[in-house]
Amino acid sequence: EEEEEEEEGSESSSPPVSYQMKPPPEGCCTTDGFCQAGKDLRLVSISNEHIEVPSGFLLVGAKSPNLPDHLLVCAVDKRFLPDDNGRNALLGFSGNCVGCGKKGFCYFTEFSNHINLKLTTQPKKQKHLKYYLVRNAQGALTKGSVICWKG
C-alpha cells in the first residue's frame, strides 16, 4: 500500500513533459529524422529509393519541429487524410513506417514516437503531416501539394 501512495505522489509532483506516449524502449534509435529502428526517413535521403506503398496508402511528408529544413516520409492510409477541401477525413489514424517497414500504427501518437517526431501538444497532432509526396519526371520523390487540414 505504501508503494502505491509513493508512486501516485511522484507522478503529480513531476514537471510537465512534452506530449508523448512513453519513452522509446531501451536500445532504440532516438535521432531526429530516423525511426526507432535507425532507418533514415528524411526526404532528401530517400527520395530516389523505391518505397513499397500498400494499396489505399499515400506517401506524405511530416514536418518535425526539430528538423525545420526536412520532411519525414510517412505512409498513411488515405482515408484518414482530408480531401482537397479539408474535409471527409475519417477520425483516427493508420500508418506504416517506410524506414523499417513496421506496419499497423493505429494511433498518431504511437506512430510519431516510432518516427521520433517530437510532439509538444496533443491537439491537432496529425497536422504535422504537411505535404503529399509525389514522384517527379525523373522518378524522385518530391514535395507535392499541401495537405489541407480544416478546423
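How many residues apart are F108 and F111 in helix α3? They are three residues apart, which puts about one helical turn between them. That spacing is a good way into this predicted model, where aromatic rings, a nonpolar core and a few paired strands give us plenty to look at.

**The aromatic cluster**

Let's stay with the rings for a moment. The structure holds four aromatic pairs. In one of them, F93 and F111 meet in a tilted arrangement, with 5.3 Å from centre to centre and 40 degrees between the planes. F93 sits in the loop between β2 (71–77) and β3 (95–96), while F111 belongs to helix α3 (residues 108–114), so this pair ties together parts that are 18 residues apart in sequence. The rings of F108 and F111 also pair: their centres lie 6.3 Å apart and their planes are at 45 degrees, so this pair is tilted. Ring pairs join F93, F105, F108 and F111 into a cluster.

How accessible are some of these rings, and the cysteines discussed further on? The table gives the values.

| Residue | Relative accessible area | Class |
|---|---|---|
| F93 | 5% | buried |
| F108 | 3% | buried |
| F111 | 0% | buried |
| C35 | 0% | buried |
| C148 | 25% | partly exposed |

**Strands and a hairpin**

Turning to the strands, β1 (residues 57–63) pairs with β4 (residues 129–135) in the antiparallel sense, over three bridges. Within this pairing, A62 has L129 of β4 as its bridge partner. On to the next pairing: β4 and β5 (residues 141–146) are also antiparallel, and four bridges connect them. Here R135 is bridged to L141 in β5. β4 and β5 form a hairpin with five residues between them, and in the turn G139 has a positive phi of about 90 degrees.

There is a ring to notice here too. K143 lies over the face of Y131, at 4.5 Å from the ring centre.

**The nonpolar core**

Which residues have the most contacts inside the largest nonpolar core? They are L59, V60, V73, C74, V98 and L129, in a core of 32 residues. Several elements contribute to this core: α2 (43–46), β1, β2, α3 and β4 each supply at least two of its residues. The largest share comes from β2, with six residues.

V73 is worth a visit in the viewer. Leaving aside residues up to four places away in sequence, V73 touches L41, L43, I46, I51, L59, V60, V98, L133 and L141. Among these partners, L59, V60 and V98 are also listed with V73 for having the most contacts inside the core. L141, another V73 contact, is the bridge partner of R135 described above. L129 likewise appears twice, as the bridge partner of A62 and among the residues with the most contacts in the core.

**Cysteines**

Finally, how many disulfides are there? The count comes to zero. C35 is in no disulfide, and the nearest cysteine sulfur, that of C97, is 3.8 Å away. The cut-off for a disulfide is a sulfur pair within 2.5 Å, so that is why a separation of 3.8 Å does not qualify. C35 is buried, at 0% relative accessibility, whereas C148 is partly exposed, at 25%.

Key. Residues numbered from 1 in each chain as written. Predicted model: local features only at pLDDT ≥ 70, side-chain atom pairs only at ≥ 80, totals over all residues. Heavy atoms only, no water. Pairing = 2+ DSSP bridges. Phe/Tyr/Trp six-rings, centres within 6.5 Å; stacked < 30°, edge-to-face > 60°. Buried < 20%, exposed > 50% of the residue type's maximum accessible area, 1.4 Å probe, protein only. Lys NZ or Arg CZ within 6 Å of the ring centre and 35° of its normal. Core = buried A, V, L, I, M, F, W, Y, C linked by side-chain atoms within 4.5 Å. Contact = heavy atoms within 4.5 Å.
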